[in-house]
Amino acid sequence: AMLAEATGCPNIYGLDSSARFLKAAAARFTQCRFLRHDVSRTPFPVRGDLIYTRFLLTHLKNQAALVNQWAQQLNVDGMLLIEETDAIDTEIEVFKKYVQVTEGLIAAQGGFLYAGRLLADAHYDAEVVYNRPVSIPVPNSICASWYYPNTVSVWKRDAYIRERVPEKERRAIAQEIREIQESGDVRNGITWTLRRLVLRRV
């Protein structure tokens, strides 16, 4: 939807390997088309002039190699836009704990929370148009609104978390984050540093 609005392109495709996620996306973004495909495998079912991913490489392996494979799925002069996390800095203890648990969970699944760091000095088989980190201060209540849903969904069912974080502690973390969300606290107590990478296929 964001790409459709930003580019005005009538042909926007989304790829995902989850039938459940695809169904939800299709119901919400009716102007786009969604195809079932594992993005760690190429070729893609469609080629394009623009590919955009955000917080995806975090959950995958062989990140730099995948980026080069994705670039080859573009038409000539097409652009690949990637945003991934370089760092998350905060002095708020409950946010620190949430990030720590999340980092461990992603690592246990074979990914790396700070995938942006891996992109800084990687070799690319495409023209590097832009490759820089940008720091984004986030209001506490907004960040809490991102974190809270996971504490009452993923954290409840995932074996990694249930084995390492006692139920009482999970509930306490969820409650504290919810309170921050509901407080409307606009102070910027957490800063996300995102790596923004733009490649052009030549």
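Reader: How many helices and strands are there in the protein chain?
Author: This is a predicted model, and its radius of gyration of 18 Å is close to the 17 Å that the globule rule gives for 202 residues, so the protein chain is as compact as a globular protein of that length. Of those 202 residues, 39% count as buried. As for the elements themselves, the protein chain has nine helices and six strands.

Reader: In what order do the four strands of the open sheet stand?
Author: The pairing in this sheet is mixed, and β3 (48-54) and β5 are the edge strands, each of which pairs on one side only. Neighbouring strands are turned against each other by 15 degrees on average, direction ignored. The four strands stand in the order β3-β4-β6-β5.

Reader: Which residue in β6 stands opposite Val-128?
Author: The strands β5 and β6 run antiparallel and are joined by eleven bridges. Within β6, the residue that stands opposite Val-128 is Leu-199.

Reader: At about what angle to β4 does helix α3 run?
Author: Helix α3, which comprises residues 63-71, lies across three strands, namely β3, β4 and β6. Relative to β4, helix α3 runs at about 150 degrees.

Reader: Why are the buried residues of α6 on the same side of that helix?
Author: Helix α6 (residues 140-151) should span 16 Å at 1.5 Å a residue, and its end C-alpha atoms are 16 Å apart, which agrees. Its buried residues are Asn-140, Ser-141, Cys-143, Ala-144, Tyr-147, Tyr-148 and Thr-151. In an α-helix there are 3.6 residues a turn, so residues three or four places apart point the same way. The buried residues of α6 are on the same side because the arc that they cover around the axis is only 140 degrees.

Reader: What covers the buried residues of α6?
Author: The cover includes two strands that belong to the open sheet and pair with β6 or stand at its edge, as the order β3-β4-β6-β5 shows. Named with their residues, the covering elements include β4 (74-90), α4 (93-108), β5 (127-138), α7 (154-157), α9 (167-183) and β6 (190-200).Reader: Which residues of α9 are exposed on the side away from its buried residues?
Author: Helix α9 has 17 residues and reaches 24 Å from its first C-alpha to its last, close to the 24 Å expected at 1.5 Å a residue. Its buried residues are Arg-170, Ile-173, Ala-174, Ile-177 and Ile-180, and they cover an arc of only 125 degrees around the axis, which puts them on the same side of α9. These buried residues pack against α4, α6, α7 and α8 (159-164). On the other side of α9, the exposed residues are Lys-168, Arg-171 and Glu-182.

Technical notes
Residues numbered from 1 in each chain as written. Predicted model: local features only at pLDDT ≥ 70, side-chain atom pairs only at ≥ 80, totals over all residues. Heavy atoms only, no water. Expected span 1.5 Å × (residues − 1). Buried < 20%, exposed > 50% of the residue type's maximum accessible area, 1.4 Å probe, protein only. Arc of directions from axis to C-beta. Pairing = 2+ DSSP bridges. Axes fitted to C-alpha atoms, helices over the stretch in contact; angles between N-to-C directions. Contact = heavy atoms within 4.5 Å. Rg over C-alpha atoms; globule rule 2.2 N^0.38 Å.
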